[in-house]
Amino acid sequence: MISAAIVGGTGYTGVELIRLLSAHPEVSIDLLTSRSEAGTRADEIFPSLRGISDIVFSDLGDETLDALQKCDVVFFATPHGVAMKQAEALTQAGVKVVDLAADFRLQSLIDFETWYQQPHSCPELLKSAVYGLPEINREKLADALVVGNPGCYPTTAILGLKPIIELQNKQDTRLIEPRIVIDAKSGVSGAGRQASLALNYAETTDNFKAYGIKGHRHLPEIEQGIEQLLSSQFKHKIRFLPHLVPMIRGMFSTIHLELTTEGCAVDWQQAFETSYAEEAFIDVLPAGVYPDTRSVRASNRLRIAVHQDATRGELTVMVVQDNLVKGAAGQAIQNMNVMFGLDETLGLNAAPIVP
Ligand SMILES: NC(=O)C1=CN([C@@H]2O[C@H](COP(=O)(O)OP(=O)(O)OC[C@H]3O[C@@H](n4cnc5c(N)ncnc54)[C@H](OP(=O)(O)O)[C@@H]3O)[C@@H](O)[C@H]2O)C=CC1
Ligand SMILES: CC(=O)N[C@@H](CCC(=O)OP(=O)(O)O)C(=O)O
């Protein structure tokens with residue numbers, strides 16, 4: 001069995017990790033940390049775990065690191081800036097690290113320090129960290145010691161654009177005009193479990209708003225995904241605009257693209273189906289079928305629809321995922337499966353929940 005620890009088990013991605021890892025046949029959760037709930041059983045805070053897990057939250061203070069070093073893998077389900085303080089000592093002890101926050105996502109230190117407003121405490125380790133998107137980085141993940149699990153919006157944006165950027169590279173021709181508009185919507189759980197005025201019930205229910213209008217920290221991550229991860233030969237100008245919608249889980253990203261003359265000649269439905277034919281978690285919907293967030297709720301699946309209007313030269317890509325699963329905890333486990341040479345789908349095969 002793989003011995004796993006979760007740092008930050010009282011948050012939404014933390015409890016999602018407990019739920020999913022408890023059903024994983026090759027993993028035992030041996031350590032679960034929380035500073036605020038140390039000594040409490042997890043199923044007292046989350047009755048959903050009754051009969052599933054009897055683990056107790058620990059805050060071992062100065063001894064936490066020693067305890068984490070005894071595990072095979074540590075998941076950090078904590079705010080940005082926590083994992084990077086312990087990752088070096090963990091990897092030196094041979095422990096693998098999957099950070100659900102952004103400490104190991106951006107390769108550019110300037111981008112990290114600008115968008116996350118803190119210095120990076122282990123820039124050397126950052127250089128060897130792998131961006132945790134298995135559908136693109138599977139080979140590198142197999143040898144990774146530290147994985148930066150992607151942000152939820154970038155997962156939808158990068159996977160929604162992958163077939164286009166790859167085909168463009170292959171044909172060595174611009175198939176889309178440089179401007180890409182990503183209009184994305186997230187459920188409120190995307191903002192975490194911490195109480196705040198902006199996230200209280202009366203503010204978020206029966207309401208719908210844009211935010212991050214002047215710039216959001218996921219923009220450089222999406223740009224990095226297109227330029228470095230997908231090695232785009234062509235430059236693009238990305239406009240990314242997130243919205244908060246009155247639902248708990250779920251994310252819907254609509255990507256608006258303008259096709260060049262060469263791009264109009266491509267059968268994009270076919271191109272997407274071919275690109276993702278072998279991917280267990282990516283479902284390209286049949287032509288004329290459009291996704292909804294309910295179709296992926298509580299599952300690690302990401303569903304994509306493609307709408308091509310040759311007369312207008314438009315291509316619209318619609319991507320849905322559960323922000324807490326494929327957008328966070330599920331993807332983290334998918335990464336762990338690859339890092340440990342397991343079947344990538346292990347523990348992640350549950351069907352979505354309807355309604
Ligand atoms: N929610 C989502 O959809 C997604 C979230 N993420 C990222 O995953 C990470 C976790 O998110 P989420 O679960 O929503 O966050 P929450 O705010 O819900 O939970 C944060 C957790 O971290 C712990 N924590 C807070 N500060 C520290 C600290 N300084 N040291 C150790 N533990 C700490 C908290 O527990 P305690 O205070 O008890 O110690 C809590 O368990 C974040 O970085 C987030 O950006 C990524 C993708 C999607
Ligand atoms: C609805 C909502 O507030 N969402 C979060 C994104 C959550 C996430 O994936 O991002 P990080 O891990 O980069 O924080 C936000 O926009 O800040």
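**Close-up views of a predicted model**

**View 1. Pairing of β7 with β10 in the seven-stranded sheet.** In this predicted model, I180 stands opposite L257, a residue of β10. The two strands β7 and β10 (residues 251–259) are joined in the antiparallel sense over eight bridges, and they belong to an open sheet of seven strands with mixed pairing, whose order is β8-β9-β7-β10-β13-β12-β11. At the edges of this sheet stand β8 (209–210) and β11 (282–284), and because each has a single partner strand, one side of each is left without a neighbour in the sheet. Helix α8 lies across β7, β9, β10, β11, β12 (302–309) and β13 (314–321), and runs at about 30° to β10.

**View 2. Helix α10 and its packing partners.** Helix α10 comprises residues 218–229, and its buried residues are H218, L219, P220, E221, I222, E223, G225 and I226. These buried residues pack against two helices, α5 (109–116) and α8 (152–171), and against two strands, β7 (176–186) and β9 (237–244). After α10 comes S231, which has a positive phi, near 45°.

**View 3. The six-stranded sheet and helix α4.** Six strands form an open sheet with parallel pairing, in the order β2-β1-β3-β4-β6-β5. Its edge strands, β2 (27–33) and β5 (130–131), each pair on one side only. Within the sheet, β4 (residues 96–99) pairs with β6 (residues 146–148) in the parallel sense over three bridges, and V97 has V146 of β6 as its bridge partner. Helix α4 (residues 83–92) lies across β3 (73–76), β4 and β6, with a direction at about 165° to that of β4.

**View 4. The surroundings of ligand 1.** Ligand 1 is surrounded by 30 residues, of which G8, G11, A101, G192 and R193 are the closest. Two elements, α1 (12–22) and α13 (325–339), each give two or more residues to this shell, and the largest share, three residues, comes from α1. By class, the shell around ligand 1 holds 10 nonpolar, 17 polar and three charged residues. Because domain 1 (2–128) and domain 2 (153–323) both give residues to the shell, ligand 1 lies between them.

**View 5. The surroundings of ligand 2.** The residues around ligand 2 are A101, A102, G151, C152, S186, G190, A191, P242 and L244. Their division by class is six nonpolar and three polar, with no charged residues in the shell. A101 is also listed among the closest residues to ligand 1.

Methods
Residues numbered from 1 in each chain as written. Chains lettered and ligands numbered in written order. Predicted model: local features only at pLDDT ≥ 70, side-chain atom pairs only at ≥ 80, totals over all residues. Near = placed C-beta within 6 Å. Helix = DSSP H or I, 4+ residues; strand = E, 2+ residues; numbered from the N terminus. Nonpolar A, V, L, I, M, F, W, Y, C, P; charged D, E, K, R; others polar. Domains from an automatic or database assignment. Pairing = 2+ DSSP bridges. Contact = placed C-beta atoms within 7 Å. Axes fitted to C-alpha atoms, helices over the stretch in contact; angles between N-to-C directions. Buried ≥ 20, exposed ≤ 12 C-beta atoms within 10 Å, placed from the backbone.
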